[in-house]
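The following exercises are to be worked with the sequence and the coordinates at hand. Each task is followed by a solution in steps.

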Amino acid sequence: MRTIKFLLRKEFKQIFRNRTILIMIMVMPVMQLLILPLAANYDVKDINLSVVDHDHSSFSQKLISKITTSGYFRLQGYNASFKNAFQLIESDKADLILEIPEGFERNLVRKNEQKVFIAVNAINGTKAGLGGAYLTQIIGNFNSDIRLQWQQGKGNNLPPIIDITSSNWFNPFLNYRIFMVPGILAILVTMVGGFLTALNIVKEKEVGTIEQINVTPIKKQYFILGKLIPFWILANVVFTIGLLISWLVYQIVPLGNIFVLYGFIWLFLLAVLGFGLLISTYSDTQQQAMLIMFFFMMIFILMGGLFTPIESMPGWAKVIARFNPLSYMIDVMRMVILKGSGWKDILPQLWKIALFAVVLNTWAILNYRKTA
Amino acid sequence: MREVVINTNKLTKRFGDFTAVNEITFEVYNGEIFGFLGANGAGKTTAMRMLIGLSKPTSGSATVAGFDVYKQTENIKKNIGYMSQKFSLYEDLTVLENISFYGGIYGLSDAQIKTKSDELITSLGLQNEAKKLVASLPLGWKQKLSFSVALLHEPKIVFLDEPTGGVDPLTRRQFWDLIYAASDKGVTIFVTTHYLDEAEYCNRISIMVDGKIEALDSPENLKKQFNTHSMDEVFYELARGAKRVE
C-alpha cells in the first residue's frame, strides 16, 4: 500500500507540472459543453426554397404564402422554368424546388385533385429529408384546409378525420440540448480518461523511465493502480465540472439520484481507464497509442447512440454497439438525468459495465510485462 | 574461493534467426568490478537485460545473487541496482522527489529516505540543486545522480550500462571515484563500457564479439596473453574478427 502512496504522489506532481494537460482537462469540458450542444442542432431551419409557379392563381399564391410563413423556409425567388430553378440547386443556392403545374387551381376546383412536384437537393441528407417532410406536411394541411372550406355549407357531409395528438414525455418541448448535453458529457469523460491513461504509460515507455520501474521489485498491479487512480480522480473532476455547466448553462438538473449517476460513472471510468491501459500495453510510442485510441473512439462515439439511435441501426451494428461501453454510459446518463431512473432501472447497464471493467483491467494487467 | 554472485551457463538470447547472445558462460565474484566490453551490437546490453530480469533468456541458465533468471526475477530485482544507457530518472521531478520516489518503491521507510537523501545530496554536492527539476541538471550530474539512486536500497550488485557515455573525461573520472567508493563498501559492480581506459579500472573484464565472450581475465593477464601494453590492442585484436556490422 505504501508503494501506491509514492506512485500517486509522483503521478500528481507530474500532472500538476504539466500545464498543457491541466488546461486541457479544465478547459476542454467547459468549451465543448458550451459550444457543441449549440452547434450540434437537429432543428432544420432556413431551407432555401425555389418556386416554379406555372399557374399564377390565387390558390397557388395561398399555398406559397402558407409555406413561407411556416418559418422553416426561405424563399429564394420565383423561376420561370424548372430548368432555371435546377441551376439554383446545382449552384447550391436552393435546397428544394416546388413546381406548381399549370391549371393547379382549375384542377383543384373541378377535379378535386391535383399534383405538385417537389425536387430535393439530397446532398445534405438531413436537411433534404426534413425539408421535404415539412413541405409535404404543409401541403397536406393546405389540402385539408381547402377541403374543409369546400365541405362547409354542404351540411353533415364532413370527411372523417382522425386527429392524432401526441405528448412528449421527459423532454416535453423536444429540446435537443437536453438530449445532447448528457451524451456529450459522457463522451468527454471517456476521451479524457481513455487518452490520458493510454498516453501516460506509453510516454514512460518512450522516455525509458518504465525500464527503471521494471527493474524494481514493484508489483505490477500496484504500478497499474498507481496509474489508474490519478486519472480516475481527474475524470471525476471533469464529470463534475460538466454537471455544473449543464446545470448553470442549460438548467439541466438530474431528475434521478445524483449518487446513482456517480456510482455508475465510477464503474464506467474503471472500464474506460482499463481500456486506455490495455492500449498502452500494446503500443510502444505515443503515436501508436494515439492512433489506436482514435480508431476506437470514433467507433465508440459514432456508434454510441448519441447522434443516431442504436435501435435504428442494422443488426450487425447493434451487435457492435453492445460491445461499446460508451453506449451504456449515454443510456444511463439520459435515463438518470432526464427520466430520473434509479439503481433498479440501470442494473442491466451496471452489470455490463462492471464486466467491461473487470475484463479490460485484468487483460491489461496480464499483458503488462515487467520481463519481456 | 570468493563467493559467486553472478553465474551464467551457456546463456543465450535469440530474436528470430538472430542470436544476440550466444552461449555465454562466466562468473562474477562478490565485491569485484567486472567490466563487460564489446563493440556496438556485440550483445552486451541484451546479456545484461537477461541478468537483471528485463528479458527472458532463450536457453541456458543463470543465477544472479543466488536467484534464477527465469523464475525468480522479482527476487533478483530486490538485490540489484540498475542504471540504463538512457537517462531514466523523471525529468519533471526534482532531485529530492526522484530520490524519495525510488526509495519508496524499494520499500525504504520515511526516516531511511530522509537520511539517504541528505547523504546523497551532500556527497554529490547537489545542495543547491536538490529542489530543482532533474531536467535542468547537466548530463554529468544526471549520471552521478542516477548511479546514486541505483544504490539507494543498498543492493548487492549494481549493473551499469555504459554509464559514462557522452560525458567529459573529468566527469568520467569523478564517476569512477563513485564506483570505487561503492566497491569499497562491498557492492559488486557489473559495468559495460566502450572506453578502454575504463577497462583498466576493472578487476576483471570480458570482451564480447558477435554475441560470444572471446576473452575473460584481468586487464594485466589479457595484455600478457595478447603480448601488448594496451587494452586498445587487445580489443582491436579481438574485435577485428567481428562479422556483425551495425
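**Exercise 1.** In which strand of chain B is B:Lys10 found? Describe its backbone and its neighbour B:Thr12.

*Solution.* The model is a predicted one, in which local features need pLDDT of at least 70, side-chain atom pairs count only at pLDDT 80 or more, and totals for chains, interfaces and linings use all residues. Residues are numbered from 1 along each chain as its sequence is written, chains are lettered from A in the order in which they are written, and side-chain values use heavy atoms, with hydrogens and water left out.

Step 1. B:Lys10 is found in strand E1 of chain B; helices (H or I, at least four residues) and strands (E, at least two) are DSSP runs, numbered from the N terminus.

Step 2. The phi of B:Lys10 is positive, about 50°, although the residue is not a glycine. Most residues other than glycine have a negative phi.

Step 3. B:Lys10 is partly exposed, with a relative accessible area of 48%. The classes are buried (under 20% relative accessible area), exposed (over 50%) and partly exposed (in between), with a 1.4 Å probe and protein chains only.

Step 4. B:Thr12 also has its place in strand E1, which covers residues 4–15, and B:Thr12 is buried at a relative accessible area of 1%. A polar atom of the B:Thr12 side chain lies 3.1 Å from the backbone oxygen of B:Lys10. A polar contact is a pair of N or O atoms within 3.5 Å; within protein, one must be able to donate a hydrogen and the other to accept it, and residues adjacent in sequence count only if both atoms are side-chain atoms.

Step 5. Not counting residues up to four places away in sequence, B:Thr12 touches several residues, among them B:Val21, B:Met50 and B:Pro57; contact means heavy atoms within 4.5 Å.

**Exercise 2.** Compare the span of helix H5 of chain B with the expected span, and state what covers its buried residues.

*Solution.* Step 1. The expected span of a helix is 1.5 Å times one less than its number of residues. For the 12 residues of H5(B) (residues 139–150) this gives 16 Å, and the end C-alpha atoms are 16 Å apart, which agrees.

Step 2. Of the 12 residues of H5(B), 10 are buried; these include B:Lys142, B:Leu145, B:Phe147 and B:Val149.

Step 3. The cover over these buried residues includes strands E6 (80–83) and E7 (157–161), together with helices H3 (95–105), H4 (110–124) and H6 (169–184) of chain B.

Step 4. The loop between H5 and E7 holds B:Glu154. B:Glu154 has a positive phi near 50° and is a residue other than glycine; at 60% relative accessibility, B:Glu154 counts as exposed.

**Exercise 3.** Characterise chain B as a whole and its interface with chain A.

*Solution.* Step 1. Chain B has nine helices and 10 strands. Its radius of gyration is 18 Å, close to the 18 Å that the globule rule gives for 246 residues, so chain B is as compact as a globular protein of that length. The radius is taken over C-alpha atoms, and the rule is 2.2 Å times the number of residues to the power 0.38.

Step 2. The C-alpha trace of chain B spans about 50 × 40 × 40 Å along its principal axes, and 54% of its 246 residues count as buried. Among contacts in chain B between residues at least 6 apart in sequence, 68% join residues at least 24 apart.

Step 3. At the interface, 33 residues of chain B are in contact with 27 residues of chain A. The two chains bury about 2,700 Å² between them, with 54% of it on carbon and sulfur atoms; buried area is the accessible area (1.4 Å probe) that two parts lose on being put together, summed over both. On the chain B side, B:Leu54, B:Tyr90 and B:Ile105 lose the most area to chain A, together 22% of what that side buries.

**Exercise 4.** Describe helix H13 of chain A and its two ends.

*Solution.* Step 1. H13(A) runs over residues 325–339 and reaches 21 Å from its first C-alpha to its last, close to the 21 Å expected. Of its 15 residues, 13 are buried.

Step 2. At the start of H13(A), a side-chain oxygen of A:Asn324 reaches to within 2.9 Å of the backbone nitrogen of A:Leu326. Just after the helix, A:Gly340 takes a positive phi of about 80°.
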